[in-house]
Amino acid sequence: MSQRRIVYRGRRIDLAIDTLATSGGTPVEREVVLHPGAVAIVPLLDADHVCLIRNYRHSVGQTLLELPAGTLEPGEPPDAAAVRELAEETGYTCRRIRRLIDFYVSPGVLTERMFLYVAEELTPGTMRLDPGETLTPEVVAWSDALQLIERGVIQDAKSIIGLLYCDRLSRPYGVPPLQ
């Protein structure tokens with residue numbers, strides 16, 4: 001049995017201290033970051049190109065090359081969040097989107113579950129960035145994106161997972177056709 005005490009409430013996350021009883025009965029404390037979940041999207045422009053974004057990340061003090069992604073709003077289904085985030089961060093809308101997998105980002109300390117999507121048949125439009133966001137879309141050849149992972153240029157875990165997972169599904173296109 002555990003007890004949870006919220007020690008901080010933030011705009012996007014809360015921090016809790018969970019007190020757990022070990023098998024010997026001794027209580028131990030665990031710090032847990034409570035997160036509502038997020039989506040990441042692999043936007044395929046065609047068989048050979050993907051749209052990534054350059055995103056300044058204050059927490060690491062650098063601009064990273066990433067898949068578009070974002071946090072779920074309260075009560076928002078992941079499917080709706082994926083469509084919303086794609087349009088907000090890249091300007092693209094899509095005719096086809098589907099969920100590929102979901103995974104925990106860092107289950108040792110964080111409750112965030114990431115839902116990975118692939119978006120196809122994209123139409124360009126206008127980005128709708130949140131206040132304070134500094135993003136720049138960048139169309140990258142699929143083979144170049146994979147090389148950027150190998151060279152350590154793409155360092156963001158969700159982007160590495162998303163690109164390598166898609167590449168693993170079916171080569172050279174990366175994603176099997178929708179059924």
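1. Helix 2 and helix 3 are oblique to each other, a word used for angles that are not under 35 degrees (roughly parallel), over 145 (roughly antiparallel) or 65 to 115 (roughly perpendicular). Helix 2 covers residues 142–150 and helix 3 residues 157–169, and they pack at an angle of about 130 degrees with their axes 10 Å apart; the axes are lines fitted to C-alpha atoms over the stretch in contact, and angles run from 0 to 180 degrees between N-to-C directions.

2. This is a predicted model, in which local features need pLDDT of at least 70 and side-chain atom pairs count only at pLDDT 80 or more, while totals for chains, interfaces and linings use all residues. Residues are numbered from 1 along each chain as its sequence is written, and side-chain values use heavy atoms, with hydrogens and water left out.

3. The contact (heavy atoms within 4.5 Å) between these helices is made by W142, A145, L146 and I149 of helix 2 together with I160, L163, L164, C166 and D167 of helix 3. By class, eight of these residues are nonpolar, none is polar and one is charged.

4. Strand 9, residues 113–123, is mostly covered, since eight of its eleven residues are buried, meaning under 20% relative accessible area with a 1.4 Å probe and protein chains only. Helices (H or I, at least four residues) and strands (E, at least two) are DSSP runs numbered from the N terminus.

5. Strand 9 pairs (at least two DSSP bridges) with strand 4, residues 38–46, in the parallel sense over six bridges, and P43 stands opposite A119 of strand 9. Strand 8, residues 93–104, runs antiparallel to strand 9 and is joined to it by ten bridges, with F103 having M114 of strand 9 as its bridge partner.

Conventions. Buried < 20%, exposed > 50% of the residue type's maximum accessible area, 1.4 Å probe, protein only. Nonpolar A, V, L, I, M, F, W, Y, C, P; charged D, E, K, R; others polar.
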